[in-house]
Amino acid sequence: MSQMKLISHIDNIPSTPGKFKMEKSPYIHRLRFHSSLAKLTFWSFVFLGLILVFFFRSTTSSSPIPSDLSRTYSWGGLAWEKRVRVSARIRASNGLLVLVTGAAGFVGTHVSAALKSRGDGVLGLDNFNDYYDTSLKRARQALLERSGVFIIEGDINDIALLTKLFEVVPFTHVMHLAAQAGVRYAMENPSSYVHSNIAGFVSVLEVCKSANPQPAIVWASSSSVYGLNTKVPFLEKDRTDQPASLYAATKKAGEEIAHTYNHIYGLSLTGLRFFTVYGPWGRPDMAYFFFTRDILRGKSIPIFEAADHGTVARDFTYIDDIVKGCLAALDTAEKSTGSGGKKKRSAQLRVYNLGNTSPVPVSNLVSILERLLKVKAKRSIMKLPRNGDVQFTHANISSAQRELGYKPTTDLQTGLKNFVRWYLSYYDSGNKSAQ
Ligand SMILES: O=C(O)[C@H]1O[C@H](OP(=O)(O)OP(=O)(O)OC[C@H]2O[C@@H](n3ccc(=O)[nH]c3=O)[C@H](O)[C@@H]2O)[C@H](O)[C@@H](O)[C@H]1O
């Protein structure tokens, strides 16, 4: 109908405006008809092209994935490969060859440094996204650089990059820590969780399953998988089918994905459920970190409280204890059993709680910070928001203790003292300011 209108409209326009239209022969009429058809096809294509341009522009601009997650990274070349090889050089007898994803992150930096200092070959990978202050990530990178760890700038979704890394270095282990963290941010940017914690994890596993030899993988799950579980302390075999946040759901999905790759391809996989890890070089989006910043600035801090003045508590776990757990998981990981993308026999599949076993109410955390900072906090008690937070976490660590020799030794008071000392020296030196 609209096409008919369009044809007649084109046909009625005189070739020379204002001139009388001559009678036409049938031949001329056919010619005009063909040229009208050509014009129509041409304009239809232009019109369609415009619609497509507008469509793609609107979908990309409204995409909730931050632009820097779809950023392209440059990598490759002889000098680059040389740096990769030098960073991955093993210096200890029986040393491991480890690719650490998320190496510029909080846990990633500490684990990379610990592996390097005991003589393992370490290569880092990080996309340096702007979820929080990237200058802190750059400072961690500089720290690792000084100890000889090179961090490749790239995304775990880049299969070509990961494949290249395995071509250059035959990694025996992958410590997979790259992830979109934070329980509350998942309401703001759900896609970033799917991008990193699901799609990214699958692309890491895809490359690992095709590598020859296949590496063993240790990766970061989370205490948040226990979700609304009320049975305490949390045991690995407790219910994990009631996540309270999308973050938790993507970590739980990761555990199921790990099962699949172990089952089909014989990948050795160990998931570590971290319990609210804190310490020097930590994440500014976490409560202990921004409470410190805001107490020092005299700003009021929101302290969550459950219904009926119920206490909100966390099994805060100090970074050095977590690092020991990560290294023990790498050291006890058995080899993967597949090759050429096929499983030869069944492979190791493990999951461990890495917590501290002593939950502390958030209000006590604030009291410790007040004493350490010598500043009274402006407390603002607020209802626990329904955007991902759970009321408490508490780890049972007996299987990590038995099988990994994991034994946390740092209480919250001691750990926060180390954090505050680092915080003050980091933000007081130079012109850095906590964001
Ligand atoms: O174990 C995990 O797997 C997760 O640990 C961490 O999550 P959480 O335990 O929620 O830590 P965090 O935000 O520091 O809140 C700490 C406490 O302060 C309370 N809290 C928080 C904010 C606030 O404004 N007020 C407040 O009282 C809040 O209710 C909570 O009780 C990691 O961020 C997450 O990435 C994941 O690794």
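**Reading a predicted model: sheet, helices, loops and ligand shell**

Me: In strand S3, which residue is the bridge partner of Leu 123?

Reply: The bridge partner of Leu 123 in S3 is Phe 150. Please keep in mind that this is a predicted model. As a general idea, the strands of a sheet are paired by hydrogen bonds of the backbone, in either a parallel or an antiparallel manner. Here, strand S2 (residues 121-126) pairs with S3 in the parallel sense, over four bridges.

Me: How many strands form the sheet, and what is their order?

Reply: The open sheet is formed by seven strands, and its order reads S3-S2-S1-S4-S5-S6-S13, with parallel pairing. Strand S3 (150-153) and strand S13 (349-354) each have a single partner strand, so they stand at the edges and one side of each has no neighbour in the sheet. On average, neighbouring strands of this sheet are turned by 20° against each other, direction ignored.

Me: How should one read the packing of two helices, and at what angle do H6 and H7 pack?

Reply: In general, a pair of packed helices is described by two quantities, the angle between the axes and the distance that separates the axes. In this structure, helix H6 (residues 159-168) packs against helix H7 (residues 190-210) at an angle of about 35°, and their axes are 10 Å apart. The contact involves Ile 159, Leu 162, Thr 163 and Phe 166 from H6, together with Ser 203, Val 204, Glu 206 and Val 207 from H7. By class, five residues of this contact are nonpolar, two are polar and one is charged. The crossing of the two helices, H6 and H7, is right-handed.

Me: Turning to the backbone of the loops, is the peptide bond from Asn 212 to Pro 213 cis or trans?

Reply: The bond from Asn 212 to Pro 213 is cis, with omega near 5°, and Pro 213 belongs to the loop between H7 and strand S5 (216-222). The bond from Val 232 to Pro 233 is also cis, with omega near -15°. Pro 233 is found in the loop between S5 and helix H8 (246-265).

Me: Is the phi of Phe 128 positive or negative?

Reply: Phe 128 is not a glycine, yet its phi is positive, at about 50°. This residue, Phe 128, sits in the loop between S2 and helix H5 (134-146).

Me: Which residues are closest to the ligand?

Reply: The ligand is surrounded by 18 residues, of which Ala 181, Ser 222, Met 286, Ala 287 and Phe 304 are the closest. This shell comprises eleven nonpolar, five polar and two charged residues. Strand S8 (residues 300-305) contributes the most to the shell, with three residues.

Me: Which residues does the UniProt domain annotation cover?

Reply: The unreviewed UniProt entry carries the annotation "domain: NAD-dependent epimerase/dehydratase" for residues 98-335. In the model, the end C-alpha atoms of residues 98-335 lie 13 Å apart, and the span is 42% helix and 18% strand.

Notes: Residues numbered from 1 in each chain as written. Predicted model: local features only at pLDDT ≥ 70, side-chain atom pairs only at ≥ 80, totals over all residues. Near = placed C-beta within 6 Å. Nonpolar A, V, L, I, M, F, W, Y, C, P; charged D, E, K, R; others polar. UniProt positions renumbered as here; feature names shortened; annotations may be inferred. Pairing = 2+ DSSP bridges. Axes fitted to C-alpha atoms, helices over the stretch in contact; angles between N-to-C directions. Left-handed = near helix turned anticlockwise from the far one by under 90°. Contact = placed C-beta atoms within 7 Å.
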